[in-house]
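Student: I would like a close look at one part of this protein, taken slowly, and then a careful walk from there to the other parts. Could you give me one connected explanation?

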Amino acid sequence: MTVTSPAAHVSVRPARAFRGRIGRDARSGHYAVPGRYRLHLSTACPDGLRIAVAHTLLGLDAVCPVTLLPAVPDCPEGGHSALRPLYEASAHRYPGPAAAPVLSDGWSGRIVSTHDRDIMRDLAHRFDTGGPSLYPCGAESEIEAVERMCVEGIEGAAQRAGAVGGEAAECDMALAALLETLGALDRWLDGRTYLIRDEVTAADVELWVALIRLDTVHRHHLDAAAVQRIAGHPALWSYARRLTAHPAFGIHLDLDGIDRRHHAQCRGPEAAGSAVQILDWAAHAAR
């Protein structure tokens, strides 16, 4: 799949506090040993949801256990008090929020990484459980392009289109960029089951989470006409329904948690689009 990132505003993601990697052997320091590492995730957070789906697809329950965190962080700065000991053990007097996701090392009691996409890649590359190849040989550039498309063309464009107090012209341009991205994906997915290969890959995990965010978070700040235009991509939303029915995807869908997290973090007023749900996610997950 050839993807061209939109030329508009590039969404800025916060810098990750820890970016260690799991290596191939003992010389790397952090190397792959079943049971050594633990994931700390909130599936109401898009980063945590991506990792949770990948973890299940790869069949890593016994290899790398998961601790699930509350949907809404319990610290004023947006962190989780349960993660504070890990952060303080990893960086003396760590000043920032004890945020999830976290990949921790049980041997040292410290954090390996808080970077969601690095964590996904290391889980996929370093532990062979016979699951699907989430990063198949030769597909890395395509997957990275889909990541950019989701961050910039969907997440970033949707944020700007529904920005509180934004100039009408800027919101219209952002909505046009969002619809252009969705239209390109809709045309590409017509007649396809998955995004870039004949089986599920990390690209599908990326896009599925972006579409969930679009329908459960961003539509609340768009007008009804905009949401109806977003919904007018049948191949794209049919693809989202199929993935939601996949047991590795739908099992992690915490709609109530996503809603509570959104309302805890967002102070902007809702627009008319809040009433126009695109998919009945819970019904498809139940299947």
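Tutor: In this predicted model, R287 lies in the segment after helix 11 (281–286). Because its relative accessible area is 68%, and exposed means over 50%, R287 counts as exposed. Now compare positions along the chain with positions in space: R287 and L57 are 230 residues apart along the chain, and their C-alpha atoms are separated by 17 Å.

L57 brings us to helix 1, which covers residues 46–57, and this helix leads on to a cavity. The count comes to one cavity of 30 Å³ or more, and the volume of the largest cavity is about 40 Å³. Its lining is made up of T43, A44, C45, P46, L49, I212, R213, T216 and I258. Helix 1 and helix 6 each supply at least two of these lining residues, and helix 6 gives the most, with three. If you sort the lining by class, you will find six nonpolar residues, two polar ones and one charged one.

One of the lining residues, C45, deserves a pause. C45 counts as buried because its relative accessibility is 10%, and buried means under 20%. The structure holds zero disulfides. C45, accordingly, is in no disulfide, and the nearest cysteine sulfur, which belongs to C75, is 15 Å away. Another cysteine, C137, has a relative accessibility of 81%, so C137 counts as exposed.

C75 also turns up around a histidine. H80 sits in the loop between strand 2 (66–68) and helix 2 (84–90), and H80 is buried because its relative accessible area is 3%. Leaving aside neighbours within four places in sequence, H80 is in contact with L69, P70, V72, P73, D74, C75, A98 and A100.

A100, one of those contacts, takes us into the next loop. The peptide bond that runs from A100 to P101 is cis, with omega near 5°, and P101 is placed in the loop between helix 2 and strand 3 (102–105). R93 is in the loop between helix 2 and strand 3 as well, and its phi is near 55°, a positive value in a residue other than glycine. With a relative accessible area of 72%, R93 is exposed. P97 belongs to this loop too, but at 31% relative accessibility P97 counts as partly exposed. Not counting residues up to four places away in sequence, P97 touches E77, G78, G79, R84 and Y87. P97 and H125 are 28 residues apart along the chain, and 29 Å separates their C-alpha atoms.

H125 directs us to helix 3, which runs over residues 116–126 and is mostly covered, since eight of its 11 residues are buried. Those eight are D116, R117, D118, I119, M120, R121, D122 and L123. What covers them includes strand 1 (37–41), helix 1, strand 3, strand 4 (110–113), helix 4 and helix 6, so helix 1 and helix 6 appear here as well as in the lining of the cavity.

Helix 4 and helix 6 are also among the elements against which the buried residues of helix 5 pack, together with helix 7 (224–231) and helix 8 (234–245). Helix 5 covers residues 168–189, has 22 residues and reaches 31 Å from its first C-alpha to its last, close to the 32 Å expected at 1.5 Å a residue. Its buried residues are C171, A174, L175, A177, L178, L179, T181, L182, G183, L185, D186 and L189. To read the spacing in that list, it helps to recall that an α-helix has 3.6 residues a turn, so residues three or four places apart point the same way. Just after helix 5, G191 takes a positive phi of about 85°.

Helix 7, one of the packing partners of helix 5, is also the place of Q228. Q228 is exposed because its relative accessible area is 52%. The C-alpha atoms of Q228 and Q277 are separated by 9.2 Å, although these residues are 49 residues apart along the chain.

Terms used. Residues are numbered from 1 along each chain as its sequence is written. This is a predicted model: local features need pLDDT of at least 70, side-chain atom pairs count only at pLDDT 80 or more; totals for chains, interfaces and linings use all residues. Side-chain values use heavy atoms; hydrogens and water are left out. Helices (H or I, at least four residues) and strands (E, at least two) are DSSP runs, numbered from the N terminus. The expected span of a helix is 1.5 Å times one less than its number of residues. Buried means under 20% relative accessible area, exposed over 50%, partly exposed in between (1.4 Å probe, protein chains only). Contact means heavy atoms within 4.5 Å. A disulfide is a pair of cysteine sulfur atoms within 2.5 Å. On a 1 Å grid over the protein atoms alone, a cavity is a set of points where a 1.4 Å probe fits but cannot get out, and a pocket is an open set with protein on both sides within 12 Å along at least five of seven lines; lining residues have an atom within 4 Å of a point. Grid points are joined across faces, edges and corners, and a volume is the space filled by probe spheres set on the points. Ala, Val, Leu, Ile, Met, Phe, Trp, Tyr, Cys and Pro count as nonpolar, Asp, Glu, Lys and Arg as charged, and the others, Gly among them, as polar.
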